[in-house]
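Colleague: Mind walking me through this one? I'd like to pick your brain about how the pieces fit together.

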Amino acid sequence: MAKQPASKKSPAKSGAKKPAAKKQADATAAQDDPDFVLHSLQEEFDANKRFDADTDQMMEFYRQMLLIRRFEEKAGQLYGLGLIGGFCHLYIGQEAVAIGLQSALDGDKDSVITGYRDHGHMLAYGIDPKVIMAELTGREAGISKGKGGSMHMFSTEHKFYGGHGIVGAQVALGGGLALAHQYNEDGGLCLAYFGDGAANQGQVYETFNMAALWNLPIVFVVEDNQYAMGTATKRSSAETRFHRRGTAFRIPGMDVNGMDVLEVRAAAEVAFKHVRDGKGPVLMELNTYRYRGHSMSDPAKYRTREEVQDQRDHHDPIERLKKTLIETGKTEEELKAIDKEIRKIVAESADFAENSPEPAPEELYTDVLVEEY
Amino acid sequence: MAIELKMPALSPTMEQGTLAKWLKSEGDAIEPGDIIAEIETDKATMEFEAIDEGVLSKILIKEGTEDVAVGTVIAHLEGEGEETAAPAPTPEPADPVPGEGKDEGRDEPGGVSAPERPKTEPKSDPDIPEGTTFTSTTVREALRDGMAEEMRSDPRVFVMGEEVAEYQGAYKVTQGLLEEFGPKRVIDTPITEYGFAGVGTGAAMGGLRPIVEFMTFNFAMQAIDHIVNSAAKTNYMSGGQMRCPVVFRGPNGAASRVGAQHSQNYGPWYASVPGLIVIAPYDSADAKGLMKAAIRSEDPVVFLENELVYGKSFDVPDLDDHVLPIGKARIMREGSDVTIVSYSIGVGMALEAAETLAGEGIDAEVIDLRTLRPLDKQAVLTSLAKTNRLVIAEEGWPTCSIASEIIAICMEEGFDDLDAPVLRVCNEDVPLPYAANLEKLALIDADRIVAAAKKVCYAD
């Protein structure tokens, strides 16, 4: 049975943290600063867990999450039709993570980097779905001119630095982006996403060490979707409460329900403030769930259909926000109208992606190097 | 308007499958995300999800049907008349790349043929003005001077690595930089090669100009993923959006009596990677001029130094801005009987060999490649056309080496100029031993280069 993201951490466990921290503090009292605050962010977040969004904000979150959902469904369909090839990792189920976090960024300053499951993070920036879909179909109009594909997409204009296919590499690269923010004194932070699988890569901890040592402005985000490809977290990870894994580097952790966009946003506010105040890195664990296989060619035999259905029925981030919106007085019709609009946008992006030309053969040799030698 | 539901491909290579089971019946209302069927291949069973909303109006392929081709219409969905973009055209994976995923097709008649690769001519070294004075400088100092000059002129340039700051560099190449530029721009890292190579690469992506020092390139093997997968490929994968102007530098090749794990030449490894610039200079002037060019380059550079050469002194022109072109070999000694091609420490041995050969009446031309990628083919071929005989001296293993590459170039493009087979003088094909006598036996030296040169001149 998979852990239930929403209830994974019982209150009892949260309560148990304090004495443990105390004990550790006593043991190393001589070296510990009095203000060692590994758990303060969690406490601050727990005190006010749901972001107080107004209706317009919530409608925007709803729209963006729905765009990701419908876009990814369409991508899956185009894959099935052979229009998208290779590896294609869908973000369905995890929408609240990218929207909740990225809506709290300062678009002029902050940078984002992630792994190969990157479509949602790009859409969260408001990047035109057409150029993303056209990249998936390998067309000239794609955001990487068709030369990157699903896993390798970038938008330096939006300070989105990819889109990386090697598990965990984006964490060290994100450390470098954070170093650039600090070096340039531009006031920006780097949001570096990685999965529960990547969380077991050594370079993640090498980066934790340097980030804490140099007080880098970086927010590490573990998107725990419960499975590292086909291996459940409890089968791959000695410590499945990933937010604790910064402790050895004195990086404060936060444990967040990644299936509720308002909780994610509330946590982002706390984490980003900490980093912007110059207090160094934060490690956030976003508990979420991927409805589809690891990639399109994964039949997901390692979990039951009932488990997936339970997530869809009881924890779906879009349904959850829809419920909140209806409680605030929005009607089914209003929300349906959004759905219709999104479907149109996605259908247009698919048309564009299917009908755009492939890259010219000459593109084979361009962009290998920037300069001529 | 009816939407056609088509047999999906579950993997890049699937061409047909079994429609194992319908989970919805005709007349059922379908919501996006509903699982409507199960599809089986020999590898997996997968669920087929609806993307559109509507009513399943007609099932065209019965469950249990085997060998249903990808793209076959398997059912009709009656929409609510609200959307629909026309369903995707015929799903025959239009114009597949020949050979993609299959062991066929690359050279089929009518297959896609690659266009001509654009050619560029390497630039020449700038002329050194008459009356320029020269200062004898060690390679170590020349490298440092090159870095310092670029750090003075470009505030984005900084150095990071193990022991580069307070210790002044494990091999003292960064001596004095901390004092002049301070800890913000001369950063001591923990011993964490994979991590700091990634941080340096990310900083370059973020707009800085990092110089990442590896204490030796042997340790960069822990970091090679970032050099190859992150730094070299990103510009291409991003369609030219995301540059990565980073310099990875440090000593490369055999040092002295440090055993197999600390004695290896990575020149051929990095030189095989498109997207990288690989530089391996020999003397001080080239070390300085190419270091400055490497730092200014918009491309990622692997800069291979050599510990045994650090302390050697050579003249460096006293110029304000001595920058050399990347990708241009240098004729170190002109000659007419045989060409000896080398790079890095091998150049010194080649020059020594040329002196010996001169004493025996053989006039050898020595070419220092200086840059291993892009390789200055023309310099090699021009010299070959003159001497008709060629030897490569490389302090490194022979298999899949720069020497192998030079031989291939001579075969492909210089065959008619050859009067003898091209020979390579490389290290012995063994891990480098510790014992002094065995180490000496394993490494190249001038005598072996002399012997090879005489052999191709049929003079022994």
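What follows is a chat about the two chains, their contacts, their sheets and some backbone oddities.

Colleague: What kind of model is this, and which residues of chain A does UniProt list as the Dehydrogenase E1 component domain?

Modeller: It's a predicted model, so keep that in mind throughout. The domain label comes from an unreviewed UniProt entry. The span it covers is 44% helix and 12% strand, with its end C-alpha atoms 37 Å apart. In chain A, the record gives residues 64–362.

Colleague: Now the interface: which element of chain B gives the most to the side that touches chain A?

Modeller: In total, 66 residues of chain B are in contact with 59 residues of chain A. On the chain B side, the elements giving two or more residues are β5 (45–49), α3 (193–205), α4 and α5 (234–237). That side divides into 31 nonpolar, 25 polar and ten charged residues. The top contributor, with ten residues, is α3(B).

Colleague: How are α7(A) and α4(B) oriented to each other?

Modeller: Helix α7 (residues 169–184) of chain A packs against helix α4 (residues 224–232) of chain B with the axes 11 Å apart. The angle between them is about 85°. Angles of 65 to 115 degrees count as roughly perpendicular. Therefore α7(A) and α4(B) are roughly perpendicular.

Colleague: And which residues of α4(B) are met by α7(A) there?

Modeller: From α7(A), the residues involved are A:Ala169, A:Ala172 and A:Leu173. The contact as a whole has three nonpolar, three polar and one charged residue. On the α4(B) side, the partners are B:Asp225, B:His226, B:Asn229 and B:Ser230.

Colleague: Zooming in on chain B, how far apart are the C-alpha centres of domain 1 and domain 3?

Modeller: Chain B is split into domain 1 (2–78), domain 2 (135–317) and domain 3 (330–456). Between the C-alpha centres of domain 1 and domain 3 of chain B, the distance is 64 Å.

Colleague: Which strands are at the edges of the seven-stranded sheet in chain B?

Modeller: The sheet is open and mixed, and its order is β11-β10-β12-β13-β15-β14-β20. Neighbouring strands are turned by 20° against each other on average, direction ignored. An edge strand pairs on one side only, and here those are β11 (186–188) and β20 (371–373) of chain B.

Colleague: Which residue is the bridge partner of B:Gly161 in β11(B)?

Modeller: Strand β10 (residues 157–161) of chain B pairs with β11(B) in the parallel sense, over three bridges. While you're there, note that α3(B) packs on this sheet, touching β10 and β12 (209–213) of chain B, and makes about 165° with β12(B). As for B:Gly161, its partner is B:Asp188.

Colleague: There's a five-stranded sheet too, so which residue of β19(B) stands opposite B:Ile340?

Modeller: That open, mixed sheet runs β17-β19-β18-β21-β22 in chain B, and the twist averages 25° from one strand to the next. Its edges are β17 (330–333) and β22 (423–426) of chain B. Strands β18 (residues 338–342) and β19 (residues 364–368) of chain B pair in the parallel sense over five bridges. Opposite B:Ile340 you'll find B:Val366.

Colleague: Which helix lies across β18, β21 and β22 of chain B?

Modeller: Look for a helix running at about 160° to β21 (390–394) of chain B. Its residues are 402–413, and the name is α10 of chain B.

Colleague: Which residue of β8(B) is the bridge partner of B:Leu5?

Modeller: Five bridges join strand β1 (residues 2–6) to strand β8 (residues 73–78) of chain B, and the two run antiparallel. β8(B) also pairs antiparallel with strand β6 (residues 54–59) of chain B, over four bridges, where B:Leu56 is partnered by B:Leu77. For B:Leu5, the partner is B:Ala75.

Colleague: Last one, on the backbone: which residue has a positive phi although it is not a glycine?

Modeller: Most residues other than glycine have a negative phi, and most peptide bonds are trans. Two bonds worth a look are cis: A:Gly162 to A:Gly163, with omega near 25°, and B:Arg373 to B:Pro374, with omega about 0°. A:Gly163 is in strand β2 (residues 160–163) of chain A, whereas B:Pro374 is in the loop between β20 and α9 (377–387) of chain B. The positive phi, about 60°, belongs to B:Arg257.

Conventions:
Residues are numbered from 1 along each chain as its sequence is written. Chains are lettered from A and ligands numbered from 1 in the order in which they are written. This is a predicted model: local features need pLDDT of at least 70, side-chain atom pairs count only at pLDDT 80 or more; totals for chains, interfaces and linings use all residues. UniProt positions are given in the numbering used here, feature names are shortened, and annotations may be inferred rather than shown by experiment. Axes are lines fitted to C-alpha atoms, for helices over the stretch in contact, and angles run from 0 to 180 degrees between N-to-C directions. Angles under 35 degrees count as roughly parallel, over 145 as roughly antiparallel, 65 to 115 as roughly perpendicular and the rest as oblique. Two residues are in contact if their C-beta atoms, placed from the backbone, lie within 7 Å. Ala, Val, Leu, Ile, Met, Phe, Trp, Tyr, Cys and Pro count as nonpolar, Asp, Glu, Lys and Arg as charged, and the others, Gly among them, as polar. Domain bounds come from an automatic or database domain assignment. Two strands pair if DSSP finds at least two bridges between them.
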